[in-house]
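Thanks, everyone, for making the time. I would like to walk you through one model this morning, so please have the sequence and the structure open in front of you while I talk.

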Amino acid sequence: MTKQKKKIENEQNQFSKKEKEIQKTRKNPPKMHKNKKEIKEIKNFSKSHQLFVKRLRRDKFVIVFFRIFVLAAFLGLWELLTYTNVIDPFFISSPSRIISQIVLLAKDGTLWGHAWVTLYETLIGFAIATVLGYIIAVLLWWNEKVRKVFEPYIVVLNSLPKIALGPVIILWVGAGTNAIVLMCVLICIVITTMSMLSAFLSVEEGKILLLKSMNANKFQIFFKLVLPSAMPEFVSVLKINVGMSWVGSIMGEYLTSKAGLGYLIVYGGQIFKIDLVMAATFILCILAFGMYYFVSLLEKKYNPKTKS
Amino acid sequence: MKNILTFQNVNYFYQTKDDEIFALNNVSFDIEEKSFVSLVGPSGCGKTTILSLTAGLLTPSSGKILLDGEESIDTKKIGYMFQKDFLFEWRSVWKNISLGLEIQKPKNLDEKLAFAEELLKKYDLFAFKDQKPRSLSGGMRQRVALIRTLALEPKLLLLDEPFSALDYQTRLTLCDDVHSIIKSEEKTAILVTHDISEALSMSDKILVLSNRPATVKDTIFPNLAGKTPLKRRENEEFGKLFDNIWRQLIYDKTEEKN
């Protein structure tokens, strides 16, 4: 008897405990966005769900595995074909030759110099183009008449292949770093302005009306509404500009340079040293990816999902 | 009771490139302080135009608008609530509510912020203060939008179909919520709606507007018993009044066709 009673009491206790917990959660509703740790803690899911998670993990593993496999197979085949002389490595180089070329460049210290020159030009061009392009977009957003006046010119500038301006650029700012940076800026700036302007203009009219009904001035409308709602677009412009600015600096170096990765590529081509061309390209790849990675970190902060 | 808003023979024309659209034709009405008034009419008749004129976003082509006895419209006396909640997704609920205060920067900012906080507590949204709007339901979002408007302590609330984007059940409960909030804060409200039963259940006075150019065709004082809008719908008179307004709107449409 007593045992049974105790059992019942126990159950009742547990029940009231649960009740209290429920009431607690009612008073303080749980946060909608749990962090990963919390999610792990409440993971007491059904078997079918566990299976589902397992399958998800397996799929992910398969994808990563084949990603690495494709790269390894490509490099391996390349090495094999050139090693057995099926294809002459003079024309397409080979992974081992590229590595030894990079080691060679690193040893005599020229590698860092060349890489730095190009990185420097790219970063400066990227920064100038982004800031200037953004400011121009703001000015065009601010004044409708000015915007309408400049609209056709921007469209023309956008479709103009900027490389055509090469000789003119050299004439204006002289051969060298300035010309390369300017080329980089010209390539990035128009697209920055156009994308940002369209992002500014796509802000919901009703939201602007709301701020106006609160007596907001144009400054406030810009800083409280337009700028934050164009943030996701800004991040995607940065991503585009990362790619474009490398195009600009390499193109600039093709035109006029005494150093840099673009210079190495042109030089390597002229003396038929494909190893050098490939090595420079490989380093370029790594640098460009690094820069892209930094920008994509920003993207996580300004998740485009927040755009309404 | 004192009139807070008066329209005297107001005419309004919209200007477009190849046409002039006659939107309001000799519109006159009074709105008493602390009353709840609805504007109903066929869609596109110029209901929103009346609100925009009241808010000072447009100026009448001719006629007079008196807000609180003054001809120059002080926008600070007016709170505007739209069909969409227009909450800013990158701001927390609290930051959304204090947006208006951030813009207007009143001298007694601390007092006003305290008042806004009180409103949040009073209407059960305080627990969601630091959350982003995206985690709220549609009805809650509209309630946040209403509190954002009330935080500026306007004398006159303009509600431009604030319920029309919501599903039916949310709409009925939100009607009750909004009505009780507005009554307990002792505000005057003008509601634009195309939902006749919504207008009947919520308002003290209904202005029935004609097709464009809009004129005030009829003024109805529903005077239905019942504390909440939902209760008022159970009234016997409700159906009759509904029918009356419905006929007026339908008649307008057939007239237009002929």
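**Walking through the two chains**

If we read along the sequence of chain A, the pattern that comes out is α-α-α-α-α-α-α-α-α-α-α-α-α-α, and the tally for this chain is accordingly 14 helices and zero strands. Before I go further, please keep in mind that this is a predicted model, and that everything I say about it should be heard with that in mind.

Staying with chain A for a moment, 28% of its 308 residues count as buried. When we take the contacts in chain A with a separation of 6 or more, 73% of them are accounted for by residues 24 or more positions apart.

One helix pair in this chain is worth describing with some care. Helix α9 of chain A, residues 177–201, packs with helix α12 of chain A, residues 231–255, at an angle of about 160°, and the two axes are 7 Å apart. Since an angle over 145 degrees counts as roughly antiparallel, α9(A) is therefore roughly antiparallel to α12(A). As for the residues that make up this contact, 16 are nonpolar, seven are polar and two are charged. The handedness of the crossing between α9(A) and α12(A) is right-handed.

Let me turn now to chain B, beginning with its N-terminal strands. Strand β1 of chain B, residues 3–15, runs antiparallel to strand β2 of chain B, residues 20–32, and nine bridges join them. Together β1(B) and β2(B) form a hairpin, with four residues between the two strands. If you would like a position to look at, find Phe7(B), whose bridge partner in β2(B) is Phe29(B). β1(B) also pairs with strand β4 of chain B, residues 62–67, in the antiparallel sense and over five bridges, and there Thr6(B) has Leu66(B) of β4(B) as its bridge partner.

Chain B also has an open sheet of six strands, in the order β5-β6-β7-β3-β8-β9, and the pairing within this sheet is mixed. Which strands lie at the edges? They are β5 and β9 of chain B, the latter spanning 216–220, and each of them pairs on one side only. From one strand to the next, the twist averages 15°.

We can look at both ends of that order in turn. Strand β5 of chain B, residues 78–81, pairs in the parallel sense with strand β6 of chain B, residues 156–160, over four bridges, and Met81(B) has Leu159(B) in β6(B) as its bridge partner. In a regular strand, side chains alternate between the two faces of the sheet. For β5(B), both faces are covered, with Ile78(B) and Tyr80(B) buried on one side and Gly79(B) and Met81(B) buried on the other. At the other end, strand β8 of chain B, residues 205–209, runs antiparallel to β9(B) and is joined to it by four bridges, with Ile206(B) standing opposite Ile220(B) of β9(B).

Finally, how do the two chains meet, and how many residues of each are in contact? On the chain B side there are 18 residues, in contact with 17 residues of chain A. Within the side of chain B that touches chain A, the largest share, four residues, comes from helix α3 of chain B, residues 99–104. Sorted by class, that side of chain B has ten nonpolar, five polar and three charged residues.

Key
Residues numbered from 1 in each chain as written. Chains lettered and ligands numbered in written order. Predicted model: local features only at pLDDT ≥ 70, side-chain atom pairs only at ≥ 80, totals over all residues. Pairing = 2+ DSSP bridges. Contact = placed C-beta atoms within 7 Å. Nonpolar A, V, L, I, M, F, W, Y, C, P; charged D, E, K, R; others polar. Buried ≥ 20, exposed ≤ 12 C-beta atoms within 10 Å, placed from the backbone. Axes fitted to C-alpha atoms, helices over the stretch in contact; angles between N-to-C directions. Parallel < 35°, antiparallel > 145°, perpendicular 65-115°, else oblique. Left-handed = near helix turned anticlockwise from the far one by under 90°.
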